[in-house]
Amino acid sequence: MSDRTMARQVLLFIWFLSLSSALGQVSYSIPEEMSKGSLVGNIAQDLGLDLKRLKSGKARIYTGDSAEYIELNKERGVLLIKERIDREALCGQTTPCALHLQIILENPIEFYSVTVEVTDINDHSPSFERDEIRFRISESAVTGAVFVLERAMDLDVGINGLQTYSLKPTDNFSLKLQSQADGSKLVEMVLQKPLDREKQEHLSLVLTAIDGGDPQLSGTAQIHVTVLDANDNAPVFTHKIYKASIKENALKGTVVTTVSASDVDEGSNGKIKFSIANTLDEVSKLFEINETNGVMRVTGNIDYEKARHYQIHVQASDDGGLTDSCKIDVDVIDINDNKPLINIMSKLTTLSENSNPETVVTVINVQDPDAGENGKIYCSINENIPFTLTTTNNNFFSLVTDGDLDRERESEYNISVTCSDEGVPSLSSSVTLSLQISDVNDNAPVFEKSSYEASVQENNTPGLSIFTVRARDADFNQNARVSYILEDSSVNGVPVSSLVSVSADSGVIHAVRSFDYEQIKDFQFRVKAQDGGSPPLSSNVSVKIIIQDQNDNAPQVLYPVQSAASVVAEIVPRSADVGYLVTKVVAVDVDSGQNAWLSYKLHKATDRALFEVGLQNGEIRTVRQVTEKDAVKQRLTVVVEDNGQPSRSATVNVNVAVADSFPEVLSEFTDFTHDKEYNDNLTFYLVLALAVVSFLFIVSIIAILSVKCYRWRRERMFYKSGANLPVIPYYPPLYADVGGTGTLQHVYNYEVCRTTDSRKSDLKYVRPCSESIISLDTSGTHTLTHAQRERLNNDDSFDQQKPPSGDWRFTQNQRPGPSGAAATPEVAVGTGPWPNPPTEAEQLQALMAAANEVSEATNTLAPGTMGLSTRYSPQFTLQHVPDYRQNVYIPGSTATLTSNQQQPQQALPPPQVAAAAQPEPPKAAQTPASKKKSTKKEKK
């Protein structure tokens, strides 16, 4: 055994002591380059697994897509090296380098993660890309001149990687190392002592790269320094500026010009090299110069349209590094190499056949990047068409109509526009414009078939595309745009729209829901195709959908009936012969076709050699003669399987008793243990249902409490709303005003929406067919606008009606209101405030009575009158409530309307006259309602 192998084993023992295992994860650390079969670790011991568990669980290693470097020895329960591991090939410069694998066990399924870290060993020495490095240094180089050296490469990492450099000899040069941000080192050679070519023309140095491994490895490179003679004369060009011209698209290698320069030095100091100094543009890609003779040639594609002039800077340098420069001006000559470019600025694709002459159809712009005659353009179109091409301005052309259009003669025009330049040879380009002539809608859509029939598998996905109906319309454009509509019909009382839908644009028929063959086998409906013309034309077609059966139902066993409460056994006498019929398994499948073909198989049995099951009929018969050795209790498991794809099956357990007498069977089956199968799904559903019911109960309680609180709050607000309860007006047809000025021409209906908050009640005004002459201003007083007064005067002159009084406000005693309301002189003239606010009881009585009377009037009045719903119970009907149908006032106004048409009253005089003539306000005529009110007041 070698020392190296011994050292590996010692390291391996230390790594085993540092092994960590947590939550099924084990980590190992091994060096690279271990031989095949070397031990990685005892995985069974580290994971706490038995060797029998590794074998029974069929333990295996899973590494994914990576190569398998580790193998598992299930006999020993250890991990071994399967292939030699090269850390540099596996991870490169990445650290740490690790292999990740999983150990998988079955029955039960378990897996453990194992991480094997591969550590680096010093198996690579530093190396240089080139073995020799050459420098040409002038003897005039100053002390401290820096020369960058090539860096070495070491594939190892960490301490085994490259660490330092050394340079020998150090008579003229020293080594300088600079650390970089990435951890590498920049190697520079610094001139410490001036060079003397006369003493030593060539210098040879050795650059050594050393790593930090144990033992240390190193690599070397030879540095050859050639000392150059000093150069004291620079090259000089013959001309500082050279001029040349070249045609565009000149072939590669075409000579542009030749430059020349001279150097009075001798030897290498007088040898001149030419080069192009342009670095910021594309000159170096288009031109090249011979470094020896100064001949410049074309190397790229010269394009006049990209650049018409080039300035090329040429540099002449000798071997000593002295230079001179000159400039070459190159002019590019244009040739006709570009076709005119036609750009369509605006165009019409459809033109009505009744368009006016000189209607602009298309505007085009033509550009030619060539210059001079090569860029001049003229355009033309094909002949014998009712169109012409006109020039609007520079390089813009318009295509206009030049005659009458007739779609019946020509429904489409393909107009070819050709544009040519005046170059030699002339270049041209063309474009074809398609123009459609619009049509009227005179053709109905026609379906491709007279009827359609398609099939779809049951249990389809909702939204599945079944098939496509197509209809074509001979018209054009919008008139030919066909939309598909599903006609209303029903299938077995169900709307067909709940079964299928049709795409309006494509005619694709989709299934709205999943079909069940057992419920519906086929159905028919009609699809209408309608075009987009005005008016639209349509046609329809009959569609039949056939539902195809799928094997979505498992067989159902009818006999023997399975029961957990009791044991049913078939008795077979011991004298039964071969083929004795024990029982018959009866099963059905609600599917159809081959999906309902059933086959019977014996899955498990106490004694398989005693019974068999008929494949087609399910009959259980004895295979051999029953003997005394056969057990009394026999349990058979029969599998019933259909012929669908995939097939579905059901199982049934059959208990068979082999005995000659019933007491023997009873004695054997008294201790028969029943198999109890607990349905976990049923328990889950019961718990879920209980949770849902509890949630709904809590939500209901919260909702009821919220409604109760809301109603209580609204009732409180109602009782606080006090004097703001409005009176509900009710107008039977053709009420007369109290002034005797004539019959009102309009019927006003009010719909009252009441809530417990009377202050926020809405009053909806329904405008009659003709405009009302009465308006309500913001102050709440009825006024007439100037225009309405003129219209009223005109109507009166036409109908011979008496105009209304100037002021139709009435005194307090003439308005309906609570009993005992006192009137003041101000009220008599119609300028005072409203009467004292009624009490809450009187307001509620007025509201209830109005609602009750309006409800009764709704049953007798003609349509158009106002009605209120009978939302109040009869117990709220009061007997002593004023009749508000006799005297009605509008809330917020001072007008009172009455239904007494036989005794029209004279209109009141203006307020000033009334104030002077009447010392007391007149009293309104007493009505039966007011009498009841007075009687009630006296009783109080």
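The legends below describe an overview and several close-up views of one predicted model.

**Figure 1. Overview of the whole chain in the predicted model.**
The chain holds twelve helices and 59 strands, and buried residues make up 37% of its 940 residues. Among the contacts that join residues at least 6 apart in sequence, 65% are between residues at least 24 apart. The accessible surface of the chain comes to about 55,100 Å², and 51% of this surface belongs to carbon and sulfur atoms.

**Figure 2. Close-up of an open sheet of three strands.**
Strands of a sheet pair through backbone hydrogen bonds, and the pairing can be either parallel or antiparallel. In this view the strands follow the order 3-6-5, and their pairing is antiparallel. Strand 3 (39-41) and strand 5 (70-73) stand at the edges with a single partner strand each, and therefore one side of each is left without a neighbour in the sheet. Neighbouring strands of this sheet are turned by 40° against each other on average, when direction is ignored. Strand 3 pairs with strand 6 (residues 78-81) in the antiparallel sense over two bridges, and here Leu-39 can be found opposite Leu-80 in strand 6.

**Figure 3. Close-up of an open sheet of four strands with mixed pairing.**
The order of the strands is 17-24-23-20, with strand 17 (241-247) and strand 20 (272-276) as the edge strands, each of which pairs on one side only. On average, and with direction ignored, neighbouring strands of this sheet are turned by 25° against each other. Strand 20 and strand 23 (residues 309-318) run antiparallel and are joined by five bridges, and Ile-276 stands opposite Val-314 in strand 23. The two faces of strand 20 can be told apart by their cover, since Ile-272, Phe-274 and Ile-276 form a covered face, while Lys-273 and Ser-275 form an uncovered one.

**Figure 4. Close-up of the aromatic pair Phe-387 and Tyr-413.**
A pair of aromatic rings is described by two values, the distance of the centres and the angle of the planes. A search of the whole structure finds twelve aromatic pairs, one of which is formed by Phe-387 and Tyr-413. The centres of these two rings are 5.4 Å apart and their planes stand at 75°, which is over the limit of 60 degrees, so the pair is edge-to-face. Phe-387 belongs to strand 29 (residues 387-393) and Tyr-413 to strand 31 (residues 412-421), so the pair ties together parts that are 26 residues apart in sequence. Both Phe-387 and Tyr-413 are buried.

**Figure 5. Close-up of the aromatic pair Phe-515 and Phe-523.**
The ring centres of Phe-515 and Phe-523 lie 5.7 Å apart with the planes at 50°, so this pair is tilted. Phe-515 has a relative accessibility of 2% and therefore counts as buried, and Phe-523, at 2% relative accessibility, counts as buried too.

**Figure 6. Close-up of the charge over the ring of Tyr-517.**
In this view Lys-521 lies over the face of Tyr-517, at 4.9 Å from the ring centre.

**Figure 7. Close-up of a cluster of aromatic residues.**
Phe-447, Tyr-452, Phe-467 and Tyr-484 are linked into a cluster by ring pairs.

Conventions: Residues numbered from 1 in each chain as written. Predicted model: local features only at pLDDT ≥ 70, side-chain atom pairs only at ≥ 80, totals over all residues. Heavy atoms only, no water. Pairing = 2+ DSSP bridges. Axes fitted to C-alpha atoms, helices over the stretch in contact; angles between N-to-C directions. Phe/Tyr/Trp six-rings, centres within 6.5 Å; stacked < 30°, edge-to-face > 60°. Buried < 20%, exposed > 50% of the residue type's maximum accessible area, 1.4 Å probe, protein only. Lys NZ or Arg CZ within 6 Å of the ring centre and 35° of its normal. Contact = heavy atoms within 4.5 Å. Areas by Shrake-Rupley, 256 points an atom, 1.4 Å probe, with all protein chains shown as cover.
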